[in-house]
Amino acid sequence: MAPQTTNPAPAPAELSTRALNRATLARQLLLRRTAMSAKDAVGHLVGLQAQNTKPPYYQLAARLEGFDPEELSGLMASREVARLVTLRSTIHTHTADDCLTLRPLVQGARDRELQMFRKGLTGVDPQRLAAMTRDFVEERPRTLKEIRELLLKEWPDAEPLALSVAARCLLPLVQVTPRGLWGRSGQVALTTAEQWFGRESQPAPAPDATVLRYLAAFGPASVKDMQTWCGLTRLREAFERLRPRLVTFQDVYGVELFDLPDAPRPDEDTPAPPRFLPEYDNVLLSHADRTRVVPAEYKVRTWKGNQSHSTFLVDGFLAGIWRLDEAKGGNAVTLTIEPFGTLGRAQRAALVEEGEYVLATMTSAGTRDVRFGVFSA
């Protein structure tokens, strides 16, 4: 009797870089603006990168139909969203629910970060440090300087920066308002997420639900992509548990990509309008391979030192940087566009139209101007 043979499983369909681009832009609400509320958008995007205070507002202006910055500001004032360190050890604006669940999920990454400062924490009891800091900031919000001075009294030989990092890593510290409110300013003052929201954090969940949310907002994506996004490691097991519920593809390099079966994957020739993105926009930082949005030849052009430039997309891909310059008194504002390469007449006209929309949405200046400049590295 002849031995039975089995046909090998067919190779996953390949997605071109443009197909990946269009799929990611659709999930990121960048193919067309949506009528989604600001709170729902913050949840769908699993947070907004927020090292600086204005970028979350500009991220939503690029994605939401009729966005008013006061909507997000109101959510912050009413404690429905807040700013704290989560993904990639950076500050994000999250919904209250995500502050209390996503932060525990990424605690492992915070523990690894803390290990980098262990030499400056010789003799420091982490549990005592966390308890002291919690009592201190829950009495009333405190600045990092105040936290550091408290801890130095207990451990005078410790490195001051290491003590600050330890407090941030060991506790979910929220930046309280007025910091982050639109049109207002305030120094960074911190309290715990539990104190700010009036409810307890949840135990660290299994990553499976967050894998599905990541794919909904950033997919199709590899295991390494998600690990880059959140800062965690060893997520292969979660993807394998979910494999029966997912579909798989491969990119042009043969890397396996996972996705939700019913998630949008538009045709690669779907038009993609220009969009102005703030520094550190999620779509630029959330994959191990960023060529789906960032052409390889441009990957080093968006940074100057440790500072990220604001960028813009043309045909769905990174195409240059931009800046706002306000005249003294705020009565006039200019948006200057600096392309990396040559733009066609239609592309320049579309950028001007989009720039005028951004200025009308995000500024109250009586005189608004959009102009082109020359990029210099």
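**Reading helix α15 and its sheet**

Author: Strands β13 (residues 317–326) and β14 (residues 332–339) run antiparallel and are joined by seven bridges; strands (E, at least two residues) and helices (H or I, at least four) are DSSP runs numbered from the N terminus, and two strands pair if DSSP finds at least two bridges between them. The model is predicted, with local features needing pLDDT of at least 70, side-chain atom pairs counting only at pLDDT 80 or more, and totals for chains, interfaces and linings using all residues. Residues are numbered from 1 along each chain as its sequence is written, and side-chain values use heavy atoms, without hydrogens and water.

Reader: Which residue of β14 is the bridge partner of Glu 326?

Author: Strands of a sheet pair through backbone hydrogen bonds, either parallel or antiparallel. Here, the partner of Glu 326 is Val 333.

Reader: In what order do the five strands form the open sheet?

Author: The order is β9-β12-β13-β14-β15, with mixed pairing. Because β9 (275–277) and β15 (367–372) each have a single partner strand, one side of each lacks a neighbour in the sheet.

Reader: Which residues of α15 are buried?

Author: An α-helix has 3.6 residues a turn, so residues three or four places apart point the same way. In α15 the buried residues (under 20% relative accessible area, 1.4 Å probe, protein chains only) are Leu 351, Glu 354, Gly 355, Val 358, Leu 359, Thr 361 and Met 362. They line one face of α15, because they fall within an arc of 160 degrees seen down its axis, taken from the directions from the axis to the C-beta atoms. The face turned away carries Arg 345, Ala 346 and Glu 353, which are exposed (over 50%).
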